[in-house]
Amino acid sequence: MAAQLKPGQGPLDYGSRWWLKTLFVVIYALLYIPILTLIAFSFNTDRRGVVWRGFTLDNYAKAWNNSALIEAMTNSLMIAFIATIISTILGAMIALMLWRFRFPFKGSYEAFMGLPIVIPEICMGVALLLFFNVTGMMGAIISMPWPINLANIVIAHVAFCFPFVAIVVRSRLVGFNRQFEEASKDLGASEWQTFWKVIVPYMMPGLVAGALLAFTLSLDDFVITFFTSGPETVTFPVKVYSLVRRGVSPEINAASTVLIVITVVATVIAMRLQTPAKSGKG
Amino acid sequence: MTEPIVSIRGVSKIFPGGVIAVDNVNIDIAQNEFFALLGPSGCGKTTLLRMISGLETPTQGQIMIGGEDMALTPPNKRPTNMVFQSYAVFPHMTVEDNVSYGLRVTGVSPDETRRRTADALEMVKLTHLAQRKPDQMSGGQRQRVALARALVKRPKVLLLDEPLSALDAKLRDDMRMELTRLQETVGITFIIVTHDQDEALSMASRIAVMDKGAVQQIATPSELYEQPATRFVADFIGKVNLIDAKVLTHKGKAVTCEARGLGKMSLSTDKTLGDSIGIAVRPEKLKLTKEKPKAAGLVSLSGVVRDVAYYGDTSHVVVSAADDLDLQVNVQNDSRTGGAGVERGQKIWVSWTPDDSIVLTE
């Protein structure tokens, strides 16, 4: 006779087992306490930043007045912004191509496209550095005026961001009913109208998710940026790294908090845009 | 016949890989007809419909709509609109935007778009749900959105691909009436694809029965039922008792034949016959009696009741006659007591008038 399951004993009734609850709490504590600590210590008056001495907003003012930090932040945001746009468009186009067409070596292409995701970042960094040096792009680009001098970093970021976009958008497209497209044409729309009014809106959640992914990946990338940036160009993660080597300062905490807020706000806005507004009652 | 609105001439469709989906089909559909393409799944009826809409191109033959050859006209330029089997209501648009889509993409003025959209929503009784998204609606409502979206374009021909197959039984009956009413109000030619014979018989003014890509018969519902042209049609439309027979003599219209299990019988037919024919009799044309019927000229045979199935309004009685010949007899349950009034194993006589026998040659 099969063992009878009591209420609350099913494999998914994790709410009723104390050890699962504990695990849940521990995992979330480990995930969020460090971030909360960072935010809390960004308001700390202590110069060393390890002991709590009192509340202040000075660190934010200092971070704001630290031109090197601001420059790094601007660079990072600019790179992330451009890299996101390019990799979203590129990724979406690749996803469409893989979804829509059949061509020779499609399977192998699909596999190779995902390589930047699995290749160790350090290898990609070295490879890109080598590439930029051999082709002479490194020298040519870093002597250009801002923001063109960021081009090599942008290229590097696009190289590892677009596969993520392509994969997200492609999985969204799997659920697309080809009859939507046929219905659109049947109702008098041209191919382009069908693309912009039916296919693109359908892809939108995938595009937004992919773009967010690309933005955050680009914003906090350290390894590849470190290899591909010129000696003069500094991004936020690289700057933080160099500052931390001389000790954690509350300014960095403040700047990091600002960065967290930016990403969280961007995510919330993106999520809002995706969920359709519920209209009417019932 | 006046100029047909849709004229299908020698149309074939062979898919890559050599599958013949549609095989040399010729159909003329008149203005304002409610025309049904009926057949089992895989008979090519949907492919034919898609060729009319332009979503598929014929391998051979010609499709004319309103007197114009459609060979080079893409689907978005044809005077046809389709209600898809899955409805294909755009999930990211409200009901109103779905309905107005076809007008917006073809540059109809905003004023006219608004007016026609409102009219179309009114027609399918969805005005109060205009701002809903499709995922907040039932299947029946979504289908009405698909209908309004197609009708708002005022097509010459409305194409419906299995429009009722995804609805539950009660809703299907309502929708059937609704479609017939709509067709009468808007005065547009409807072409409907269905595998459900009841649907086709109850709604259509004419039906083309298809099998394996070819048209078997084009006729009105009652002609199809009472005078099926082939065994396939007789068997596919309604229930039928099919009896094989050997032709003995054939002079003018009179035929004598040796029917399996029935012995010699005389029939009359206009058809040219070969050596063997099929005799088809509808179950409701058969009568059950306890004694051998006395009236002259009836075809009658005795048998044993093998099975009785009760359906409320009717009972279906299966009678085993001699030589493994089973006949189904549908009996009207016209009194509240007794049902069919027969029991399994009972000896019984089955009879019918010879005129109710349908002679089938192929």
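Two residues are in contact if their C-beta atoms, placed from the backbone, lie within 7 Å. The legends that follow describe a predicted model.

**View 1. Chain B as a whole, with its helices, strands and contacts.** In chain B, residues 24 or more positions apart account for 63% of the contacts with a separation of 6 or more. The secondary structure of this chain comes to 8 helices and 20 strands, and its C-alpha atoms fill a box of roughly 75 × 50 × 40 Å when taken along the principal axes. Of the 362 residues in chain B, 38% are buried.

**View 2. The side of chain B that touches chain A.** Here 20 residues of chain B are in contact with 19 residues of chain A. On the chain B side, the elements that give two or more residues are strand 6 (80-83) and helix 2 (95-104) of chain B. By character, the residues on this side of chain B divide into 8 nonpolar, 8 polar and 4 charged.

**View 3. The largest nonpolar core and a separate one.** The largest nonpolar core has 131 residues, of which A:Val165, B:Ala36, B:Leu37, B:Ala146, B:Ala148 and B:Ile191 touch the most other members. Helix 8 (residues 151-173) of chain A gives the largest share of this core, 13 residues. Apart from it lies another core, of 11 residues, among them A:Ala72, A:Val234, A:Val238 and A:Ala254. In soluble globular proteins, nonpolar side chains tend to be buried together. Returning to B:Ala146, and leaving aside its neighbours within four places in sequence, this residue is in contact with B:Val83, B:Phe84, B:Tyr87, B:Ala88 and B:Val89.

**View 4. An open sheet of chain B.** In this sheet 5 strands follow the order 13-12-11-14-20 (chain B), and their pairing is antiparallel. Strand 13 (263-268) and strand 20 (358-360) of chain B stand at the edges, and each has a single partner strand, so one side of each is left without a neighbour in the sheet. From one strand to the next, the twist averages 40 degrees. Strand 12 (residues 254-259) of chain B is joined to strand 13 of chain B by 6 bridges, and in that pairing B:Val255 has B:Leu267 of strand 13 as its bridge partner.

**View 5. Strand 16 of chain B and the strands that pair with it.** Strand 16 (residues 299-310) of chain B pairs in the antiparallel sense with strand 19 (residues 347-352) of chain B over 6 bridges, and it also pairs in the antiparallel sense with strand 17 (residues 314-321) of chain B over 7 bridges. B:Gly303 has B:Ile348 as its bridge partner in strand 19 of chain B, while in strand 17 of chain B its bridge partner is B:Ala321. The hairpin of strands 16 and 17 of chain B has 3 residues between the strands, and within this hairpin B:Gly312 takes a positive phi near 85 degrees.

**View 6. A:Pro205 in helix 10 of chain A, and confidence along the chain.** A:Pro205 has its place in helix 10 (residues 191-219) of chain A. This residue counts as partly exposed because 18 other C-beta atoms lie within 10 Å, a number between the 12 or fewer of an exposed residue and the 20 or more of a buried one. The mean pLDDT of chain A is 85, with 92% of its residues at 70 or more. Over residues 277-282 of chain A, however, the pLDDT is below 50, and this stretch has 3 contacts in the model beyond near neighbours in sequence. Where pLDDT is low, the predicted coordinates should not be read in detail.

Technical notes:
Residues numbered from 1 in each chain as written. Chains lettered and ligands numbered in written order. Predicted model: local features only at pLDDT ≥ 70, side-chain atom pairs only at ≥ 80, totals over all residues. Helix = DSSP H or I, 4+ residues; strand = E, 2+ residues; numbered from the N terminus. Nonpolar A, V, L, I, M, F, W, Y, C, P; charged D, E, K, R; others polar. pLDDT = per-residue confidence, 0-100. Core = buried A, V, L, I, M, F, W, Y, C linked by C-beta atoms within 7 Å. Pairing = 2+ DSSP bridges. Axes fitted to C-alpha atoms, helices over the stretch in contact; angles between N-to-C directions.
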